[in-house]
Amino acid sequence: MLSSPLMLQIPPSMQMTDEQFFEFCQVNRDLRIERNKLGEISIMTPTGSETGNRNFNMAVQLGVWAEKDGTGICFDSSTGFTLSTGAKRSPDASWIKLERWNALSKAEQESFAPICPDFIVELRSPSDRLSPLKEKMAEYLQEPGIQLGLLIDRKHRQVYIYRPGQPEECLDNPANVSCEPVLPGFILNLNKVW
């Protein structure tokens, strides 16, 4: 198992189209693959069992809230989105307002949808370095549609909160995090994530 993502740099003459990249990801389903705006591909192995459990607990909370709320839909960590820069990213959990999702064509929804979620969460695995995750969060914040992002650092029991046009906020060892007003009534219980 890789201790950190493997970065592949592809020569300009060998760059994949969006369709080819999607197919590449489909034939390598056991790997988490992202592509940044420069065309560099990062390959990550599946998370360890403990991190997978924590990510699942976080996603379940978001999913239960979304079912009750009914104004949007959730996505898991294996979902890829195409950002405006061309980067292909897979947040650990995300949510998109229904009107934004429904504005996409069926073909767009079935591929790496050309949309940045309204809400994203990244969960730091033990092998992850914090600075690349913070860079990824900054990348999301440059996207139209993003309203709120959480970066959960289990190693240091910190939660970084990202909102467009506002400075990063860091909470030390919180028991929960309110995601209002973007997700009305959703409070993420971190006791199941730590």
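## Packing in a predicted protein chain

Ile 152 touches Met 58, Val 121, Glu 122, Leu 123, Arg 124, Gln 158, Val 159, Leu 188, Leu 190, Val 193 and Trp 194, when residues up to four places away in sequence are not counted; a contact here means heavy atoms within 4.5 Å. The structure is a predicted model, in which local features need a pLDDT of at least 70 and side-chain atom pairs count only at pLDDT 80 or more, while totals for chains, interfaces and linings use all residues. Residues are numbered from 1 along each chain as its sequence is written, and side-chain values use heavy atoms, with hydrogens and water left out.

### The nonpolar cores

Ile 152 is also one of the residues, together with Phe 119, Leu 150 and Leu 183, that touch the most other members of the largest nonpolar core, which has 23 residues. Such a core is a set of buried Ala, Val, Leu, Ile, Met, Phe, Trp, Tyr and Cys residues joined through side-chain atoms within 4.5 Å, where buried means under 20% relative accessible area, exposed means over 50%, and partly exposed lies in between (1.4 Å probe, protein chains only). At least two residues of this core come from each of α2 (49-69), β7 (93-97), β8 (119-124), β9 (148-153) and β10 (158-162), and α2 gives the most, with four residues. Apart from this core lies another one, of twelve residues, including Ala 87, Tyr 140, Ile 146 and Tyr 160.

Strand β7 also holds Ser 94, which is in contact with Leu 62, Ile 73, Cys 74, Phe 75, Phe 81, Pro 117, Phe 119 and Ile 120, leaving aside its neighbours within four places in sequence.

### The whole chain

The protein chain has five helices and 13 strands, which are DSSP runs numbered from the N terminus (helices: H or I, at least four residues; strands: E, at least two). Its radius of gyration is 16 Å, close to the 16 Å that the globule rule gives for 194 residues, so the chain is as compact as a globular protein of that length; this radius is taken over C-alpha atoms, and the rule is 2.2 Å times the number of residues to the power 0.38. Of the 194 residues, 44% are buried. Among contacts with a separation of 6 or more, 56% join residues 24 or more positions apart.

### Unusual backbone places and the surface

Most residues other than glycine have a negative phi, and most peptide bonds are trans. Arg 157, however, has a positive phi near 50 degrees, and Asn 173, which is not a glycine either, has a positive phi of about 50 degrees. A cis peptide bond, with omega about 0 degrees, joins Glu 180 and Pro 181, and Pro 181 lies in the loop between β12 (176-178) and β13 (187-189).

At the surface, Phe 56, Val 60 and Val 64 form a nonpolar patch with about 260 Å² of accessible area together. A patch of this kind joins nonpolar side chains (Val, Leu, Ile, Met, Phe, Trp, Tyr) within 5 Å, from residues with over 30% relative accessible area and no salt bridge, that is, no side-chain nitrogen of Lys or Arg within 4 Å of a carboxyl oxygen of Asp or Glu. Accessible areas come from the Shrake-Rupley method with a 1.4 Å probe.

The table sets out four residues by place and accessibility.

| Residue | Place | Relative accessible area |
|---|---|---|
| Ser 94 | strand β7 | 0%, buried |
| Arg 157 | loop between β9 and β10 | 35%, partly exposed |
| Asn 173 | loop between β11 (169-172) and β12 | 44%, partly exposed |
| Phe 56 | helix α2 | 53%, exposed |

Notes:
Patch = residues over 30% accessible without salt bridge, like charges linked within 9 Å, V, L, I, M, F, W, Y side chains within 5 Å.
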